[in-house]
Amino acid sequence: MKNILIKLLAVLFAAVFLFYLFYSPSLKFDVLENPKKVSKPTEQINDNSTQPANPKLTKGIGVYIGRSINDFTDRYGYPKRIYPSKYSYDNYIFQFHDKYYICGVKEKRIVMIYATGKAADTYPLKITADAAQIFNGTTINTEPVIKTAKGKYRFELSEVDVKTQLLLQYGNIYAQVFVDRLTSKVMAVKYMTGPVLVEMQPYAMSYNGEIIERTPQQLDHTIDEISINSNNVLTMFELTNIMREINGRKPLATNELINHTAQFQVAELSRKSGKVVTQVENDIGTQLKDENIDYKDFAQNIAYNFEDVPSLINSWLNSDEHREQLLNSKFNEMGGGISGGYTSLVFIERAEGQ
């Protein structure tokens with residue numbers, strides 16, 4: 001009887017082992033795709049001269065929109081770095097303790113400013129403030145019309161847009177308010193001119209005039225593409241740590257070997273033809289091992305068709321799965337890569353003593 005019981009346990013153990021060997025689910029990471037905004041032509045759009053708007057800004061970082069970049073550097077010093085964006089302006093990065101600014105500069109004029117960090121001067125808004133306060137006394141137009149030299153454009157904010165990337169107008173300046181929907185905190189504000197808003201197309205849009213078709217860039221390995229992508233990776237690291245700090249998490253160290261692994265992965269993804277990849281297997285873990293990167297645990301955020309790093313970070317923050325990884329306190333290092341339309345951010349937890 002005892003021998004029979006031992007044999008039965010052995011068979012059961014073998015069956016369980018084989019099941020997990022062949023049928024256990026592998027670790028997978030979902031690709032967050034930037035939803036394509038609907039842009040449709042229309043015969044007529046009413047003029048925006050009578051649109052409701054908030055008073056013109058008189059203080060705060062937003063007052064620099066339209067002014068010379070020299071005015072900004074006279075106040076804040078020389079930027080940490082300058083590089084071309086994928087839009088019609090160059091990015092000037094300014095980083096200080098508890099505040100971070102990206103100035104979009106075109107022909108020496110500031111046409112966009114992204115601001116975040118607890119001490120960022122985003123008046124009349126405030127980073128980490130309850131976004132619900134915006135609806136008290138602030139004029140909000142969910143179908144603003146922008147008139148430029150190329151035509152008229154009417155944006156249509158969805159319910160999700162209102163909760164995560166609300167658009168406000170102050171005089172002739174637009175402010176896109178990035179909100180963490182889980183905490184209802186204001187996380188960042190992007191000030192911009194009307195033409196830049198039209199160029200970015202962050203919302204569904206009807207238009208009467210020229211339209212800029214935005215499609216994911218193909219992998220061509222030009223010097224400009226490599227420069228833009230390398231700088232955008234650095235910006236992604238900086239904004240990741242700012243979002244972590246705002247949420248009470250420790251910043252992550254960057255790791256060049258992880259960068260190499262992530263860059264190789266997105267380059268391979270961008271070479272694939274046909275459908276967009278919606279999920280990646282945990283082969284990144286094997287590649288980390290091949291680079292002799294020892295880790296206790298790892299995770300990955302991966303995205304497709306985001307040309308603007310601030311918008312990507314806000315989208316990750318408002319996606320449950322990606323937010324968990326972005327803000328996870330157990331991770332202590334990160335690395336990333338950008339190629340074609342794909343962006344990857346890899347997190348690792350180092351084993352104790354490493």
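Let me start with Thr235, which counts as buried at 1% relative accessibility, in what is, I should say at once, a predicted model. Thr235 lies in helix α5, and if we leave aside its neighbours within four places in sequence, Thr235 is in contact with Arg81, Tyr83, Ile93, Tyr100, Ile102 and Val309. Helix α5, covering residues 223–246, is also the element that gives the most to the largest nonpolar core, with seven residues.

That core holds 98 residues, and the members that touch the most other members are Ile61, Phe72, Cys103, Ile110 and Trp316. Taking Ile61 as an example, and again leaving aside neighbours within four places in sequence, we find Ile61 in contact with Phe72, Tyr76, Tyr101, Ile113, Ala115, Asp121 and Tyr191.

Now to the sheets. In one open sheet, seven strands follow the order β3-β4-β5-β6-β11-β10-β9, with antiparallel pairing. Its edge strands are β3, at 81–84, and β9, at 165–170, each of which pairs on one side only. On average, and ignoring direction, neighbouring strands of this sheet are turned by 20° against each other. If you would like to look at one edge in detail, β9 pairs with strand β10, residues 173–180, in the antiparallel sense over six bridges, and there Gln165 stands opposite Phe178 in β10.

Which helices meet this sheet? Helix α2, residues 69–76, packs on the sheet and touches β4 (90–96), β5 (99–106) and β6 (109–116), with a direction that makes about 15° with that of β4. Helix α8, residues 309–317, lies across β5, β6, β10 and β11 (185–192), and runs at about 30° to β10.

The next residue I would like to show is Leu197, whose place is in helix α4, residues 194–200. Leu197 is buried, with a relative accessible area of 0%. Apart from neighbours within four places in sequence, the residues in contact with Leu197 are Ile146, Phe155, Leu167, Tyr174, Met192, Pro202 and Tyr203. Leu197 and Met112 are 85 residues apart in sequence, while their C-alpha atoms are 9.1 Å apart in space.

A second open sheet has four strands in the order β2-β12-β8-β7, and here the pairing is mixed. At the edges stand β2 (39–41) and β7 (145–148), each with a single partner strand, so one side of each is left without a neighbour in the sheet. The twist averages 20° from one strand to the next. Within this sheet, β2 and strand β12, residues 204–209, pair in the parallel sense over three bridges, and Pro41 stands opposite Tyr207 in β12. As a general reminder, the strands of a sheet pair through backbone hydrogen bonds, in either a parallel or an antiparallel arrangement.

Let me turn to strand β15, residues 297–304. Seven of the eight residues of β15 are buried, so this strand is largely enclosed by the rest of the structure. Which strands are joined to β15, and in which sense do they run? Strand β1, residues 28–33, runs parallel to β15 and is joined to it by three bridges, with Leu32 standing opposite Ala303 in β15. Strand β17, residues 342–349, runs antiparallel to β15 and is joined to it by eight bridges, and in that pairing Gln300 stands opposite Val346 in β17.

Helix α7, residues 283–290, has as its buried residues Ile284, Gly285, Gln287 and Leu288. Those residues cover an arc of only 160° around the axis, which puts them on the same side of α7. Just after α7, Asn292 takes a positive phi of about 60°.

Finally, some values for the protein as a whole. The protein has nine helices and 17 strands, and of its 354 residues, 49% count as buried. If we consider contacts between residues at least 6 apart in sequence, 67% of them join residues at least 24 apart. The protein exposes about 18100 Å², and carbon and sulfur atoms supply 52% of that area.

Key:
Residues are numbered from 1 along each chain as its sequence is written. This is a predicted model: local features need pLDDT of at least 70, side-chain atom pairs count only at pLDDT 80 or more; totals for chains, interfaces and linings use all residues. Side-chain values use heavy atoms; hydrogens and water are left out. Two strands pair if DSSP finds at least two bridges between them. Helices (H or I, at least four residues) and strands (E, at least two) are DSSP runs, numbered from the N terminus. Axes are lines fitted to C-alpha atoms, for helices over the stretch in contact, and angles run from 0 to 180 degrees between N-to-C directions. Contact means heavy atoms within 4.5 Å. Buried means under 20% relative accessible area, exposed over 50%, partly exposed in between (1.4 Å probe, protein chains only). The arc is that of the directions from the helix axis to the C-beta atoms. Accessible areas come from the Shrake-Rupley method with a 1.4 Å probe; for residues, only the protein chains shown count as cover. A nonpolar core is a set of buried Ala, Val, Leu, Ile, Met, Phe, Trp, Tyr and Cys residues joined through side-chain atoms within 4.5 Å.
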